Amino acid sequence: GRLPKHAVEVYAFAPDDRPLYPGIIRAPLPTVSVEGGVARAEWRFVDVPAIEAEPMSPPYTELATLVSVSTYQSWEDLGRWYAPLFRDQLELDAEARAAGRAAIAGAKDEAEKVRRLYDYVVKSTRYVGIELGIHGWKPFKASETHRRRYGDCKDKATLLAALLRDNGVEATVALVRTVDRGPFPASHATMWAFNHAITYVPSLDLYLDGTAERSGSGELPYQDQGAFVLVVYPDGRVVLDSP
């Protein structure tokens, strides 16, 4: 039937063999039903108060209602899905490998290798996002990003991780929800939690933002500081963290 004035209905659908896992902020759990092989999660809200836009207001999730649905029960499940998307992209061609070797020539220790390779990636690749289809989630191959000298955050994070790994420094990709996006249900595993990607070096417990052209290797931009982070290793292991 017709909805009453100031009412909103929200639906999520999936095959009935794919469980739906909701994430909510200031909202009830959904009503879940199954019909014709399709599972449906439904929320219904009536008389939801408006949020008045104000300059410098807190993030949306600190003020309003959030509903989200995922087909991943845990961050471990999500990590096993995401790892193959970037693992195969940690591929360097001869030109990229030679450039990495040249960048670290004469480096005295691991920390200096990290600093030099970070500086190389930041200065030699521009930020350009081409996120069509699967490339909204999947980075381009590190060798391609190096060759064309541009990429988005996940492309640059993957290139930096690949160069570090090629030079004996373990590194991987970290998915980030920057602080301006506000809090998020920590148990709700979904890629939609994140809007950024950076590189993580476990041995130094160091995060590196390859898009931060005005920060050094030891200076995270403020939007990354205290952010909600999922470190994903190439074998699918994950760690929730906050830089």
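Is Trp192 buried or exposed at 67% relative accessibility? Keep that question in mind while the whole chain is in view, since the tour comes back to it at a later stop. The model on screen is a predicted one.

**The whole chain**

Begin with the cartoon of the full protein chain, in which five helices and twelve strands are assigned. Oriented along the principal axes, the C-alpha atoms fill a box of roughly 70 × 45 × 30 Å. The chain has 243 residues, and buried ones make up 47% of them. If you draw contacts between residues at least 6 apart in sequence, 68% of these join residues at least 24 apart. Switching to a surface, you have about 12900 Å² exposed, of which carbon and sulfur atoms supply 52%. Colouring by charge brings up 28 positive and 33 negative side chains, and the centres of the two sets lie 4 Å apart.

**The nonpolar cores**

Next, select Trp75, Tyr82, Leu164, Leu175, Leu208, Leu230 and Val232, which are the residues with the most contacts inside the largest nonpolar core, a set of 47 residues. Helices H1 (75-87), H2 (94-104), H3 (110-124) and H5 (153-166) are among the elements that give two or more residues to this core, and so are strands E8 (172-177), E9 (196-201), E10 (206-208) and E11 (228-232). H5 supplies the largest share, seven residues. As background, nonpolar side chains in soluble globular proteins tend to be buried together.

Centre on Leu208 and display its surroundings: beyond its neighbours within four places in sequence, Leu208 is in contact with Val114, Tyr118, Leu160, Leu164, Ile198, Thr199, Val201 and Ser217. A second core, separate from the one just visited, has ten residues, including Val176, Tyr207, Ala227 and Val229.

**Cys153 in helix H5**

Now move to Cys153, which is found in helix H5. Its relative accessibility is 10%, and because buried means under 20%, Cys153 counts as buried. Setting aside residues up to four places away in sequence, Cys153 touches Tyr127, His196, Ala197 and Thr211. For a distance check, pick the C-alpha atoms of Cys153 and Leu117, which are 16 Å apart in space and 36 residues apart in sequence.

**The aromatic pairs**

Finally, show the aromatic rings, among which the structure holds nine pairs. In the pair formed by Tyr11 and Phe13, the ring centres are 6.1 Å apart and the planes meet at 20 degrees, so this pair is stacked. Tyr11 is partly exposed at 34% relative accessibility, whereas Phe13, with a relative accessible area of 55%, is exposed.

Trp137 and Trp192 make up an edge-to-face pair, with 5.0 Å from centre to centre and 80 degrees between the planes. This pair links distant parts of the chain, as Trp137 sits in the loop between strand E6 (126-127) and helix H4 (142-148), while Trp192 sits in the loop between E8 and E9, 55 residues apart. Trp137 is partly exposed, at 23% relative accessibility. Here the opening question is settled: at 67% relative accessibility, Trp192 counts as exposed, because the cut-off for exposed is over 50%.

For the last selection, take Tyr72, Trp81, Tyr82 and Phe86, which ring pairs link into a cluster. Tyr82 has already appeared on this tour, as one of the residues with the most contacts inside the largest nonpolar core.

Methods. Residues are numbered from 1 along each chain as its sequence is written. Side-chain values use heavy atoms; hydrogens and water are left out. Helices (H or I, at least four residues) and strands (E, at least two) are DSSP runs, numbered from the N terminus. Buried means under 20% relative accessible area, exposed over 50%, partly exposed in between (1.4 Å probe, protein chains only). Contact means heavy atoms within 4.5 Å. Accessible areas come from the Shrake-Rupley method with a 1.4 Å probe; for residues, only the protein chains shown count as cover. Lys and Arg count as positive and Asp and Glu as negative; His and the chain ends are not counted. The place of a charge is taken as NZ of Lys, CZ of Arg, CG of Asp or CD of Glu. A nonpolar core is a set of buried Ala, Val, Leu, Ile, Met, Phe, Trp, Tyr and Cys residues joined through side-chain atoms within 4.5 Å. Rings of Phe, Tyr and Trp (its six-membered ring) pair if their centres lie within 6.5 Å; planes under 30 degrees apart count as stacked, over 60 as edge-to-face and the rest as tilted.
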